[in-house]
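Here's a quick briefing on how some of the helices and strands in this structure fit together. Have a look at the model first, then work through the points below.

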Amino acid sequence: MCPIKHVIILVAFFCCQITSYGQQNLADSLIAVLRSAKLQDTTRITALNSLAWELKNNNPDTAMVLSKQALELSTVIINGAKISPITLAAQKGIAKSNHQLGVFNYLKGNYSLALDYYFKALKIRESLNDKKGISVTYSNIGVVYDNQGNYPQALNYYLKGLKIAEELGDKKSIATKLGNIGLLYYGQGDYPKALGYYFKTLKMAEELKDDYLIATYFGNIGNIYYAQGDYLKALDYYSNALKILEDLGDKIGIANNISNIGLVYFIQNDYPKALDYYFNTLRMATEQGNKKLTAVSLGNIGTVYAKIKKYKEAEGYLKKALVLSIEINALNLVKDNEQQLSELYTQTEQPAKALEHYKKYIEAKDSIFNEENTKKTVRSEMNFEFEKKQTEEKIVQNKKDIIAVEELKQQRLQRNYFIVGFALVLLLALFIYRGYREKQKANSIITLQKNEMEEQKKVVEEKNKDILDSIHYAKRIQDALLKEEEHVSAHLPEHFILFMPKDIVSGDFYWATEKQGYWYVAAVDCTGHGVPGAFMSMLGMSFLNDIVSDNLLLSPAEILDQLCEKVVNELRQTGEAGGSKDGMDISLIRINLKELESTPGSIQIHWAGANNALNIIQNGQLREIKADKQPIGYYPEQKPFTNHEITLQTGDSIYIFTDGYADQFGGPKGKKFKYKQLEELLLANTTLPMNQQKEMLKTAFVEWKGSLEQIDDVCVIGVKV
């Protein structure tokens, strides 16, 4: 079964000619204009529209009423007058009112109504040849189609708007449209392309000193890092975005980033904190009347309840989310909620309902990601680039023509300037000599600076060498603490250990020991990787060796209880903010070697796990023994670990592993390998000798990863009894 997932908030930047956000002085001055303007004065129309825009984030319902008043007043003026500058201003007022009503309905999640208003605004702006207004409306239409999952139409309108913005040289408009194109590629799973657009937009926003646009793309860059599994970077970008939006007083933006921060805590298994963030988002979305954000929050809350096995509450929230997603025609949200309900009914053993919602999930997914839509998206971008190239070539040719004319003029003037030029030769020679002397001085300075830079380079290289030498020495220490990968003993069953650190040193480690005729073996995943993870892994190995050093023969669960106690005590973990949260996940087996030799045919093993499960293959079938859902380390609801006694038959295979193999990105679409695919791989190759299984797993991992970076340490252990 696929793991339950949440919905990330993608923030598309909509546009209008008004660019201020929540400025009280401006709002007060607009109210003053409204009080003094004549009943049918076009100044009143402008003030109504401007005040509505100022109130869009904090009071969207009032903003909608004000724009409708401006629309009605503009219509009255046009119907009662002949063509004149006044009626032209009123037409612009109608266009702006319709455009803003489209924005307000988009913010509330009323996508169909938003499109209706945008197309009305577009028609008027095209009749007035208002290129800036046309570009803005094109972009906003694209945002709505993007949210509905109609990517070809979204890209078509983004590129139309971008073309006009480039013609006008409007840097802010160019930035917003590039960013929205990035959002579109994010929705299609093309993260490298999306990230390229995001950083272009962020750079332009910083040059423009536009805090709102900076905050928007801080949040969206955080979404990319979340999707790539770099949760620390994601949380950092979300927090930066939230700080800016709190200063701006943008309630919807604040709610979006609070939801995304909750998602990071969910993926880190901190479900109480995730629920707290999600309920805050739901409250803010409900207050603002934002249907899309309300649907996202309901779905996220339902997903958490499913994860903690509160299935009744989960079903209620997911159904509400699905109804609202269908109402606003948000096909991406419909797809995600259908998938969550299918997985929920699978978990609660309701196969008919699970199949019904799975079919609807596939239907929604296919309608978004079908081959024809992908082709349309690619065609739109290729056409845009071709037209852009043609325009650039035309500009270059015009420049060449101008240069040719100028060269002809110069040839005609040369004979007239020849005498004067000769007289200036001596003066020119003087300047050349002076320049030569200045160049000599400059070369001397450059040579001196170059020598200084070479010295600095040597110092940096020496320091880098010292650091790498230290890390390699730490690796030798870690290798010395690890047992050899293939344990040599006549008593041990056939087995393999696949150990592939991400960096020079590893946060994963394997541990094995023989005691009183028993063999203990464990796969352990410590917090972090690289040097910090290596420190934790060496502590873990030391603690395990201390625990089994006395004469007592402990069960795996007793070892995990003592290991957890040592980690909490030695690292002084209290659960307080700012305190240590380091720990580890572990899967630990104990095998009676004497029983293995004396009673062939069947054997009992003991096993316990902290977050990491045990997989057993018997008679060509794979079954999973669930681990206790708590780490080794401080946990507010810590309980004694469960000891499992399992009967195995000769020829059965058991496997334990950390999460690095299943979480690796790769394959044709850059997706995670996932546990389900790993289980299928183990099951397909279980009849092979253990050393061949190891090579098969290593080869499959390398081929899946391809040219992508390894994201985590890998440890897989297999034993055949």
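**Helix pairs and a sheet**

Helix α5 (residues 111–127) packs against helix α6 (residues 131–147) at an angle of about 160°, their axes 9 Å apart. That angle is over 145°, so α5 counts as roughly antiparallel to α6. Keep in mind that this is a predicted model. Two further helix contacts and an open sheet of 5 strands are also covered here.

**α5 with α6**

- The crossing in which α5 passes α6 is left-handed.
- On the α5 side, the contact is made by Y111, A114, L115, Y118, F119, L122, R125 and E126.
- α6 brings G133, I134, T137, Y138, N140, I141, V144, Y145 and N147 to that contact.
- Sorted by class, the α5–α6 contact has 11 nonpolar, 4 polar and 2 charged residues.

**α11, α12 and α13**

- Helix α11 (residues 231–248) and α12 pack at about 160°, with 9 Å between their axes.
- α11 and α12 are therefore roughly antiparallel to each other, and their crossing is left-handed.
- From α11, the residues making the contact are Y231, L235, Y238, S239, A241, L242, L245 and E246.
- From α12, they are G253, I254, N257, I258, N260, I261, V264, Y265 and I267.
- By class, that's 12 nonpolar, 4 polar and 1 charged residues for α11 with α12.
- α12 (residues 251–267) also packs on helix α13 (residues 271–288), at an angle of about 160° and with axes 8 Å apart.
- That pair is therefore roughly antiparallel as well, α12 against α13, and α12 passes α13 in a left-handed crossing.
- For the contact with α13, α12 uses K251, I252, I254, A255, I258, S259, I261, G262, L263, Y265 and F266.
- α13 answers with Y271, K273, A274, Y277, Y278, N280, T281, M284 and Q288.
- The α12–α13 contact divides into 13 nonpolar, 5 polar and 2 charged residues.

**The sheet**

- The strand order in the open 5-stranded sheet is β2-β3-β4-β5-β8, and the pairing is antiparallel.
- β2 and β8 (644–649) sit at the edges with a single partner strand each, so one side of each is left without a neighbour in the sheet.
- Ignoring direction, neighbouring strands here are turned by 20° against each other on average.
- Over at the β8 edge, 6 bridges join β8 to strand β5 (residues 602–610), the two running antiparallel; I605 has I646 in β8 as its bridge partner.
- Helix α20 (residues 556–570) packs on the sheet, where it touches β3, β4 and β5, and its direction makes about 150° with that of β4.

**Strand β3 and its neighbours**

- How many residues of strand β3 (residues 518–526) are buried? The count is 9 of its 9 residues.
- Both faces of β3 are covered, with Y518, Y520, A522, V524 and C526 buried on one side and W519, V521, A523 and D525 buried on the other.
- Strand β2 (residues 508–515) runs antiparallel to β3 and is joined to it by 8 bridges, with D508 standing opposite D525 in β3.
- β2 and β3 form a hairpin with 2 residues between them, and Q516 in the turn has a positive phi of about 50°.
- Strand β4 (residues 584–592) is also antiparallel to β3, through 9 bridges; A522 has L588 in β4 as its bridge partner.

Conventions
Residues are numbered from 1 along each chain as its sequence is written. This is a predicted model: local features need pLDDT of at least 70, side-chain atom pairs count only at pLDDT 80 or more; totals for chains, interfaces and linings use all residues. Side-chain values use heavy atoms; hydrogens and water are left out. Buried means under 20% relative accessible area, exposed over 50%, partly exposed in between (1.4 Å probe, protein chains only). Helices (H or I, at least four residues) and strands (E, at least two) are DSSP runs, numbered from the N terminus. Two strands pair if DSSP finds at least two bridges between them. Axes are lines fitted to C-alpha atoms, for helices over the stretch in contact, and angles run from 0 to 180 degrees between N-to-C directions. Angles under 35 degrees count as roughly parallel, over 145 as roughly antiparallel, 65 to 115 as roughly perpendicular and the rest as oblique. A crossing is left-handed if the near helix is turned anticlockwise from the far one by less than a right angle, and right-handed if clockwise. Contact means heavy atoms within 4.5 Å. Ala, Val, Leu, Ile, Met, Phe, Trp, Tyr, Cys and Pro count as nonpolar, Asp, Glu, Lys and Arg as charged, and the others, Gly among them, as polar.
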